[in-house]
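Q: Could you take me through one part of this structure up close? I would like to see how one residue sits where two helices meet.

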Amino acid sequence: MLDFSYLGLAPLLLAFIGLGIILFSEQVQIIAKYRGSVSGGVARGYNLAMKVMVGNRVGAVLYFFFMGFNIDSGVSPENLVLGFAISLIFLVMPLSLVVMYHVRFSRRFYRMGVWEGRRPPIWIGVVALIATSFNILGLTLPWIAGAIYPEWRLTLVNSSFIFNTIYTVTNVFYIEHKFAMLVDQGDPGIHAFVLSTVFSRVAALLIVGVTMLVYWL
């Protein structure tokens, strides 16, 4: 049997770094589309979003390869839960800076009276919160279950597609659909829409991360 114990925590840390890249890029790409739409370069905005998602694929390679390695190496479920909790909570900080940057950028439209009086829609925030939570759970819970029941790890890990499907359907057919309509119509409500979406996605990271940390404690 191969012994990789000399690698220490390196594979686990690389997996968590990959997770961070995945989640960060998924939340940032809508801002890239937004910047393009309000700057008169819709195509450039969508192209920038696709470039951001290339980074997402890099993160996916790191995450899935090294997380699979950790599961096969017998990582403890407790270490996974703690690692996921810390990673999600830590990721809130850079994403909060992104939200602040977005608010600063969109504030000029408020001063111009473009979206004065329009508050971020609560309904889209709730949908984004739920969808993002499913995405996060799909990236974490199956791996934790695989560590608890290693003899079923392949089946359990592949169950992540159930969570991912719910997230993808909700995101594509509702959130992205509404966003595209606002772009096509030139609706000033797009500013509040994006703010509500991004804020809710950051909130989902914090809620899931804190929940895991409380469970670990």
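A: Happy to. A term to have in hand beforehand: a crossing of two helices is called right-handed if the near helix is turned clockwise from the far one by less than a right angle, and left-handed if anticlockwise. Please keep in mind that this is a predicted model.

The chain holds 7 helices and 0 strands, and 45% of its 217 residues count as buried. Among contacts between residues at least 6 apart in sequence, 84% join residues at least 24 apart.

Now to the pair of helices. H4 covers residues 122-148, and H7 covers residues 190-216. Their axes come within 8 Å and cross at roughly 35 degrees, and the crossing of H4 and H7 is right-handed. On the H4 side, the residues making the contact include Ile-124, Ala-128, Leu-129 and Ile-136; H7 contributes, among others, Phe-193, Thr-197, Ala-204 and Val-208. Sorted by type, the residues of this contact divide into 15 nonpolar, 7 polar and 1 charged.

Thr-197 of H7 deserves the close look. Thr-197 counts as buried because its relative accessible area is 0%, and buried means under 20%. The side chain of Thr-197 reaches the backbone oxygen of Phe-193 at 2.9 Å. Leaving aside neighbours within four places in sequence, Thr-197 is in contact with Ile-30, Ile-124, Ala-128 and Ile-175. Of these, Ile-124 and Ala-128 belong to the H4 side of the helix contact described above.

Definitions and conventions. Residues are numbered from 1 along each chain as its sequence is written. This is a predicted model: local features need pLDDT of at least 70, side-chain atom pairs count only at pLDDT 80 or more; totals for chains, interfaces and linings use all residues. Side-chain values use heavy atoms; hydrogens and water are left out. Helices (H or I, at least four residues) and strands (E, at least two) are DSSP runs, numbered from the N terminus. Buried means under 20% relative accessible area, exposed over 50%, partly exposed in between (1.4 Å probe, protein chains only). Contact means heavy atoms within 4.5 Å. A polar contact is a pair of N or O atoms within 3.5 Å; within protein, one must be able to donate a hydrogen and the other to accept it, and residues adjacent in sequence count only if both atoms are side-chain atoms. Axes are lines fitted to C-alpha atoms, for helices over the stretch in contact, and angles run from 0 to 180 degrees between N-to-C directions. Ala, Val, Leu, Ile, Met, Phe, Trp, Tyr, Cys and Pro count as nonpolar, Asp, Glu, Lys and Arg as charged, and the others, Gly among them, as polar.
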